[in-house]
Amino acid sequence: LLDSLLKGGVSPFECDLRGNTALIYAVRRGNAQMCQRLIKAGADAEVQNKQGAAAWDLALQCGHAGVRRIFSPSAADRDLSKPLLGATDLMTAAWKGDKEKLEEAIKHRPMEVDDVSKSGGTSALMLAARKGHLEIVELLLQGKAKVGLRSRRGTSALSMAAEEGQIEVVEALLSSSGGDRPNIHDTDDDGYTALGVACENGHAPCVQALLRAKSDPNQQRKNGWTSLITSSYNGYVEVVKALIDGG
């Protein structure tokens, strides 16, 4: 319906008597897909309603992490903007969760298991972790995929899983055996650890798992903010409790 209205020439800047645009309504509803479509049609996140609040302000206040990241993509979001650009068959199978094709690719081209994409430097393990394909992640780990690899902007498979709240994948990566284990203290280009992105997005189970793995709950980002400040600002009560319990 939204597509039909936009194609029919309805302005994305139309608003109600209080100055609330369609983008503001979409933000309040937490509908990231609608936000994307409205922005593509020219909607402006900085346009304020009569109370002086813009869509960007409401994205921060409402605790809708997926919506907030439409306006302010994370390092991982930027690296995954074109996830399959220049991807191998193995990477494509990992992203799509195709177990049969992945097994075939590993069997015939095992040396490609740690190849990275041209667009964001992401590996098959990162792609599978991001999508939450636990079985694929486990197959890649069995195939000796490197857990410690980092993308162009410094994100890892662990961070990508934590950012999306993929708790089973986070636990699988944390418990991976062998010498190549994830470094929980690695930061991306924005200064976030895996714990930091889990807190930023309100994923309490991932936060608890990372704290059990001895991730530093007090590590500061480049702007001096800690995970406690971030989660408090976004209103994630369970994350705040987990951080306090974790020291």
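**Exercise 1. The pair α2 and α3**

At what angle do the axes of helix α2 (residues 22–29) and helix α3 (residues 32–40) cross, and within what distance do they come? Determine also the relative direction of the two helices, the hand of the crossing and the class of the residues in contact.

*Solution.* The structure is a predicted model.

Step 1. Two packed helices are described by the angle between their axes and the distance between the axes. For α2 and α3, the axes cross at roughly 160 degrees and come within 8 Å.

Step 2. Angles over 145 degrees count as roughly antiparallel. The helices α2 and α3 are therefore roughly antiparallel to each other.

Step 3. The crossing of α2 and α3 is left-handed. On the α2 side, the contact is made by A22, L23, A26 and V27; on the α3 side, by M34, C35, L38 and I39.

Step 4. By class, the contact of α2 with α3 has eight nonpolar residues, no polar ones and no charged ones.

**Exercise 2. The pair α15 and α16**

Describe the packing of helix α15 (residues 227–234) against helix α16 (residues 237–245), and classify the residues that meet.

*Solution.*

Step 1. The two helices pack at an angle of about 155 degrees, and their axes lie 8 Å apart. With the limit for roughly antiparallel set at over 145 degrees, this angle makes α15 roughly antiparallel to α16.

Step 2. The crossing in which α15 passes α16 is left-handed.

Step 3. From α15, the residues S227, L228, S231 and S232 take part; they meet V239, V240, L243 and I244 of α16. Sorted by class, this contact holds five nonpolar, three polar and no charged residues.

**Exercise 3. R69 and its partners**

Which acidic side chains meet R69 in salt bridges, and is R69 buried or exposed?

*Solution.*

Step 1. Side chains of opposite charge can pair when their charged atoms come close. The pairing criterion is a nitrogen-to-oxygen distance within 4 Å.

Step 2. R69 and D77 form a salt bridge with an N to O distance of 2.8 Å. A second salt bridge joins R69 to E164, at 3.2 Å from N to O. This second pair links distant parts of the chain, 95 residues apart: R69 belongs to helix α5 (residues 65–71), and E164 to the loop between α11 (157–163) and α12 (167–174).

Step 3. Buried means under 20% relative accessible area. R69, with a relative accessible area of 12%, is therefore buried. D77 also counts as buried, because its relative accessibility is 17%. E164 is partly exposed, with a relative accessible area of 34%.

Step 4. R69, D77 and E164 belong to a network of salt bridges that also links R130 and E163. For the model, the count of salt bridges comes to 15.

**Exercise 4. K241 in helix α16**

With which residue does the side chain of K241 meet in a salt bridge, and how many residues apart are the two partners?

*Solution.*

Step 1. K241 lies in helix α16. Its side chain meets that of E238 in a salt bridge of 3.7 Å, N to O.

Step 2. The two residues are three residues apart in α16, so about one helical turn separates them.

Step 3. K241 is partly exposed, with a relative accessible area of 45%, and E238 counts as partly exposed at 48%.

Step 4. Along the chain, K241 and A204 are 37 residues apart; their C-alpha atoms are separated by 8.9 Å.

**Exercise 5. Helix α14 and two positive phi angles**

Which residues of helix α14 (residues 204–212) are buried, and against which helices do they pack? Then describe the backbone at K214 and K144.

*Solution.*

Step 1. The buried residues in α14 are A204, C206, V207, A209, L210 and L211. These pack against α11, α12, α13 (194–200) and α16.

Step 2. Just after α14, K214 takes a positive phi of about 75 degrees, although K214 is a residue other than glycine. K214 lies in the loop between α14 and α15 and is exposed, with a relative accessible area of 65%.

Step 3. K144, which is not a glycine, has a positive phi of about 70 degrees. This residue lies in the loop between α10 (134–142) and α11. At 68% relative accessibility, K144 counts as exposed.

Technical notes. Residues numbered from 1 in each chain as written. Predicted model: local features only at pLDDT ≥ 70, side-chain atom pairs only at ≥ 80, totals over all residues. Heavy atoms only, no water. Axes fitted to C-alpha atoms, helices over the stretch in contact; angles between N-to-C directions. Helix = DSSP H or I, 4+ residues; strand = E, 2+ residues; numbered from the N terminus. Parallel < 35°, antiparallel > 145°, perpendicular 65-115°, else oblique. Left-handed = near helix turned anticlockwise from the far one by under 90°. Contact = heavy atoms within 4.5 Å. Nonpolar A, V, L, I, M, F, W, Y, C, P; charged D, E, K, R; others polar. Buried < 20%, exposed > 50% of the residue type's maximum accessible area, 1.4 Å probe, protein only.
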